[in-house]
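Please open the model in your viewer and keep a selection panel at hand. The stops below go from one selection to the next, with a note on what is there.

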Amino acid sequence: MSSLLEFDKTPSYQSVRDAAEHLRGIVVRTPLLESKALNERLGARLFLKCETLQHTGSFKFRGAYNTLSRLSSAQKLAGVIAYSSGNHAQGVALSAKMLNIPATILMPEDSPTIKLNNTRSYGAKVITYDRYHQSREEIGEKIAKDNNLTLIKPYDNYFVISGQGTTGVEIAEQLKEQNTQADICAAPAGGGGLIAGTSLALRELSPRTNIYAAEPENFDDTSRSLSAGKRVQNDAGNHSICDAIVTPMPGDITFGINKRTLSGGLVVTDDETRAAMRTAFHYFKCVIEPGGAVALAAFLEGKIDIQGKTVVAIASGGNVDPALYCDILKETG
């Protein structure tokens, strides 16, 4: 089913503000946490935006609900399909349940069990595929066409990006309540929807803030694309524990925004990400999944100078399998 939601309409600060009003009372205004002990250790004032406490445990609910709620009656009746490693999947599944829309979700067969189970628990039909040898885009397009479903892309969608940007609106408002602004804000980047939407908000509400994408080693396509001035792909065959953000390349719409709004990219290793997850637990009592911890890791590991500055790390999700999380907490170093 064709949809105006899939046209290449460019999000703006105004579309983010519209989403913020549309989602008021529906999304959780997640906390912006600060640890005085960690600040002393870092020589900086660090805030952690805990989207781990959003509905479904991830910021993805914002964009999903903002999109599904704007479908036509015919589109809602026919149903939707989405492809996702897990967080967009859960966001779409819960939004669809709330709006009484049939949902089919295409997920990698090696997605964390918690993400697969949660998506099914919201009533969605889950279909799995091999992310290393099959194209989710090709499979998703075929299922959508064959079954007359509306495809809800995980990041290259006007309403999805606008919805994710409400995270940035909240950050600016919460910092203002504390009579401060951020010198630097970093957010995890896969396809780039969260950082694109957030940057649209912060560019307007906090223009002095430098905004950075944070990514895992070998999946630093946004960082390399920013340097190249055009979208570049990741090499095939690499692996990372950061399953939520191991996309093949930046989105078309998202990169169009990010190349105008971002100051650069920060890249961390899996070991550095594990250390950040432990730090978040010890200092904030916040459970972050690997892909959601890369922005915090970048600050903790000195990927950019934060001495004497006020910085915000977005913890984008907390859907980590308990066994993996337990193992990471037991690690040292």
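Which residue in E5 is the bridge partner of Thr104? Select Thr104 and look across to E5, where the partner is Lys125. Before going further, note that this is a predicted model, in which local features need pLDDT of at least 70 and side-chain atom pairs count only at pLDDT 80 or more, while totals for chains, interfaces and linings use all residues. Residues are numbered from 1 along each chain as its sequence is written, and side-chain values use heavy atoms, with hydrogens and water left out.

**The four-stranded sheet**

Strand E4 (residues 103–108) pairs with E5 in the parallel sense over five bridges; helices (H or I, at least four residues) and strands (E, at least two) are DSSP runs numbered from the N terminus, and two strands pair if DSSP finds at least two bridges between them. Now extend the selection to the open sheet of four strands, whose order is E5-E4-E3-E6, with parallel pairing. Its edge strands are E5 (125–129) and E6 (150–151), each of which pairs on one side only.

**Lys115**

Select Lys115 next, in helix H6 (residues 113–121). Lys115 is buried, with a relative accessible area of 0%, where buried means under 20% relative accessible area, exposed over 50% and partly exposed in between (1.4 Å probe, protein chains only). Show side chains, and a polar contact of 2.8 Å appears between those of Lys115 and Asp243; a polar contact is a pair of N or O atoms within 3.5 Å, and within protein one must be able to donate a hydrogen and the other to accept it, with residues adjacent in sequence counting only if both atoms are side-chain atoms. Leaving out residues up to four places away in sequence, Lys115 also touches, among others, Ser85, Asn87, Gln90, Glu289 and Asn319, contact meaning heavy atoms within 4.5 Å.

**Helix H3 and the pocket**

Colour helix H3 (residues 60–68) by burial: nine of its nine residues are buried, so the helix is largely enclosed by the rest of the structure. The elements that cover its buried residues include H1, helix H4 (73–78), strand E3 (80–83), helix H5 (87–99), helix H8 (158–164) and H9.

One buried residue of H3, Arg62, leads to the next stop, as Arg62 is among the residues that line the second largest pocket, together with others including Arg17, Arg24, Arg29, Glu170 and Glu173. On a 1 Å grid over the protein atoms alone, a pocket is an open set of points where a 1.4 Å probe fits, with protein on both sides within 12 Å along at least five of seven lines, and lining residues have an atom within 4 Å of a point. The volume of this pocket is about 200 Å³, a volume being the space filled by probe spheres set on the points, which are joined across faces, edges and corners. Helix H1 (13–22) and helix H9 (166–177) each supply at least two residues of the lining, and H9 gives the most, with four.

**Strand E9 and helix H11**

Move to strand E9 (residues 264–268), which has a covered face made of Gly264, Leu266 and Val268 and an uncovered one made of Gly265 and Val267. Strand E8 (residues 210–216) pairs with E9 in the parallel sense over five bridges, and Val267 is the bridge partner of Glu215.

Both strands return at helix H11, since what covers its buried residues includes E8, helix H12 (252–261) and E9. Within H11 (residues 221–228), select Ser225, which counts as buried at 0% relative accessibility and whose side chain reaches the backbone oxygen of Asp221 at 2.6 Å. Just after the helix, Gly229 takes a positive phi of about 80 degrees.

**Asn234**

Finish in the loop between H11 and H12, at Asn234, a buried residue with a relative accessible area of 11%. Its side chain makes a polar contact of 2.9 Å with the side chain of Arg224, and a polar atom of the Asn234 side chain lies 2.9 Å from the backbone oxygen of Thr247. Other residues that Asn234 touches include Asn218, Phe219, Asp220 and Pro248.
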